[in-house]
Amino acid sequence: LDSASDAALAHTGGGRVTGTEVDDEEGYYEVEVTLDDGTQVDVQLDRSFHVVSDETDGAGDSDD
């Protein structure tokens, strides 16, 4: 998970890791990164730590 977190942070250009999952439905690893402005980015990685997709949730967004 450390390598997955490092790859996700490199992809987002910084922030802090606020969640991780292994064997996620969209990729082998999912790393949730929260950027300094509060935006959350879910980064999907394959087993080799290559980014396969990402999804951004804006600061203050909610599913309510």
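Reader: Why is Val52 called partly exposed?

Author: Val52 has 47% relative accessibility. Buried means under 20% relative accessible area, exposed over 50%, and partly exposed in between (1.4 Å probe, protein chains only). Val52 therefore counts as partly exposed. The model is predicted: local features need pLDDT of at least 70, side-chain atom pairs count only at pLDDT 80 or more, and totals for chains, interfaces and linings use all residues. Residues are numbered from 1 along each chain as its sequence is written, and side-chain values use heavy atoms, with hydrogens and water left out.

Reader: What does Val52 touch?

Author: Contact means heavy atoms within 4.5 Å. Not counting residues up to four places away in sequence, Val52 touches Glu26, Gln44, Leu45 and Asp46. Val52 is in strand E4; helices (H or I, at least four residues) and strands (E, at least two) are DSSP runs, numbered from the N terminus.

Reader: Why is Ser5 called buried?

Author: The relative accessible area of Ser5 is 11%. Buried means under 20%, so Ser5 is buried. Ser5 is found in helix H1. Leaving aside neighbours within four places in sequence, Ser5 is in contact with Val17, Thr20 and Val31.

Reader: In which order do the helix and the strands follow each other?

Author: The chain has one helix and four strands. From the N terminus on, the elements run α-β-β-β-β.

Reader: What makes the strands a sheet, and in what order do they lie?

Author: Two strands pair if DSSP finds at least two bridges between them. Six bridges join E1 to E2, six join E2 to E3, and six join E3 to E4. Each of these pairs therefore meets the criterion. The result is an open sheet of four strands in the order E1-E2-E3-E4, with antiparallel pairing. Strand E1 (16-22) and strand E4 (51-57) are the edge strands, as each pairs on one side only. The twist averages 20° from one strand to the next; axes are lines fitted to C-alpha atoms, for helices over the stretch in contact, and angles run from 0 to 180 degrees between N-to-C directions.

Reader: Which residues are bridge partners in E2 and E4?

Author: Val17 has Val33 in E2 as its bridge partner. Val43 has Asp54 in E4 as its bridge partner.

Reader: Where does H1 lie?

Author: H1 lies across E1, E2, E3 and E4, and runs at about 50° to E2.

Reader: What makes E3 largely enclosed?

Author: Five of the six residues of E3 are buried, so E3 is largely enclosed by the rest of the structure.

Reader: Which residues make up the largest nonpolar core?

Author: A nonpolar core is a set of buried Ala, Val, Leu, Ile, Met, Phe, Trp, Tyr and Cys residues joined through side-chain atoms within 4.5 Å. The largest one has nine residues: Ala4, Ala7, Ala8, Tyr29, Val31, Val33, Val41, Val43 and Leu45. Helix H1 (2-12), strand E2 (29-34) and strand E3 (40-45) each supply at least two residues of this core.

Reader: How do you know that the radius of gyration agrees with a compact globule?

Author: The radius of gyration is taken over C-alpha atoms, and the globule rule is 2.2 Å times the number of residues to the power 0.38. With 64 residues, a compact globule would have a value near 11 Å; the chain has 11 Å, so the two agree.
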